[in-house]
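Trainee: Please take me through a close look at one part of this structure, step by step. I would like to see how its pieces fit into a picture I can follow on screen.

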Amino acid sequence: MAAALVAAVIVLVLFVMPAEYGIDPTGVGGALGLTAIAAPGLAPIPPPQGDTLAPVALGPIALYPGQYKFDAREIVLGPYEYVEFKYHLAEGATMLFAWAASGAVMHDFHGDREGAPPDAAQSYDAAARRQADGSFTAPFTGIHGWYWENPGGEDVTISLHTAGFYSTGYQFNSDRTRETHEVRALDAIPSDN
Amino acid sequence: MTRLIIALLAVPVLAGGALFAHDEFRIIGTVASYKANVMAVKKKEGQTVSVRLDKQTLITRDKKKITPAELTAGLTVVVDAYGDYEDDSLALEIRIVPPIAAR
């Protein structure tokens, strides 16, 4: 009986937890592709390309192994729709941001630790706002950004501008579609003469 | 015999896991019908999906709780549901909202 119980626990840890909850303490679930089953309909977020742009502290300075990038976009939220827009940042990496909404929105600035289950997101700011300007230093490596929800029956446009040590933007729409956005390098900005 | 016991123990574990496997869906549209705890919603994209209601499903209008009997055809609803698929998902919350203006 004890052996049967142990076997059932092994099945639970090796197969059920990775497939159903995305929890994979042994790594076997990931190797077998079971963790992907935990989120059917949503492809896993691909790892960022190139450098992770982790900072190296030099007194009050943080040096990075690559240039910072910038991004600017407008997102239209139809009635009662929501969106999440996030960037991948290494722990300690910095991002500057400015966003404004054309109407009332519900908002939550939060982050998802790399490898953690989706429901383990950490909220940084969920106060009622229609705009915000600020800087952000990632407390952990993962994707960090905003959830905006349109609580009304009219379209709301979100205007988002960011610059920081990130490589890619990810957009998660309320119809469960997902978009990956490349961010721009500094040479896209013309120099003043 | 041991294998049988393992199988008997594993099946409820696996079934229990499947029971809790879910995705979350936001369904925005108009009520096409409501009958026997199943509401059909015609989405703004055109297709009609069915969502199930249970005793825990919260139904509100103007942030006030109402009963399923008030889900009449033509009402505009925002449904947060979960399930393996959008169709036949279980409604967690149903909000009756003002009609969405045609574009």
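Mentor: Happy to! Let's begin with chain B, whose accessible surface comes to about 6,400 Å², with 59% of that belonging to carbon and sulfur atoms. Keep in mind that this is a predicted model. Of the 103 residues in chain B, 37% are buried. The chain has one helix and seven strands, and along the sequence they follow the pattern α-β-β-β-β-β-β-β. If you take the contacts in chain B between residues at least 6 apart in sequence, 52% of them join residues at least 24 apart.

Now zoom in on one residue of that chain. Tyr34(B) lies in strand β1, which covers residues 23-35 of chain B. Is Tyr34(B) buried or partly exposed? Its relative accessibility is 23%, and the cut-off for buried is under 20%, so Tyr34(B) counts as partly exposed. Its side chain is joined to that of Asn37(B) by a polar contact of 3.0 Å. Setting aside neighbours within four places in sequence, Tyr34(B) is in contact with Met39(B), Leu53(B), Pro68(B) and Leu71(B). For a sense of scale, try picking Glu93(B) too: it is 59 residues from Tyr34(B) along the chain, and their C-alpha atoms are separated by 15 Å.

Strand β1 of chain B also spans residue 25, and that takes us to the other chain. The charged end of Arg176(A) sits over the ring of Phe25(B), 5.0 Å from the ring centre.

Let's follow that thread into chain A and look at its rings. Over all chains, the structure holds 13 aromatic pairs. In one of them, the ring centres of Phe85(A) and Tyr87(A) are 5.3 Å apart and the planes meet at 65°, so this pair is edge-to-face. An angle over 60 degrees is what earns that name. Both partners are hidden from the surface: Phe85(A) is buried, with a relative accessible area of 0%, and Tyr87(A) is also at 0%, which counts as buried.

A second edge-to-face pair is formed by Phe109(A) and Tyr124(A), with 5.5 Å from centre to centre and 85° between the planes. This pair links distant parts of the chain, 15 residues apart: Phe109(A) is in strand β6 (residues 106-113) and Tyr124(A) in strand β7 (residues 122-125), both of chain A. Phe109(A) is buried at 6% relative accessibility, whereas Tyr124(A) is partly exposed at 26%. The two also belong to one aromatic cluster with Phe97(A), Trp99(A), Phe136(A), Trp146(A) and Trp148(A).

Which residue will bring us back to Tyr87(A)? Thr162(A) does, as its side chain makes a polar contact of 3.0 Å with the side chain of Tyr87(A). Thr162(A) is in strand β10 (residues 156-164) of chain A, and it is buried, with a relative accessible area of 4%. Another polar contact, of 2.5 Å, joins the side chains of Thr162(A) and Tyr166(A). Not counting residues up to four places away in sequence, Thr162(A) touches several others, including Lys69(A), Phe70(A), Asp71(A), Met95(A) and Leu96(A). Among them are also Phe97(A) and Trp146(A), two names you will recognise from the aromatic cluster.

Notes
Residues numbered from 1 in each chain as written. Chains lettered and ligands numbered in written order. Predicted model: local features only at pLDDT ≥ 70, side-chain atom pairs only at ≥ 80, totals over all residues. Heavy atoms only, no water. Phe/Tyr/Trp six-rings, centres within 6.5 Å; stacked < 30°, edge-to-face > 60°. Buried < 20%, exposed > 50% of the residue type's maximum accessible area, 1.4 Å probe, protein only. Helix = DSSP H or I, 4+ residues; strand = E, 2+ residues; numbered from the N terminus. Lys NZ or Arg CZ within 6 Å of the ring centre and 35° of its normal. Polar contact = N/O pair within 3.5 Å; in protein donor to acceptor, adjacent residues only side chain to side chain. Contact = heavy atoms within 4.5 Å. Areas by Shrake-Rupley, 256 points an atom, 1.4 Å probe, with all protein chains shown as cover.
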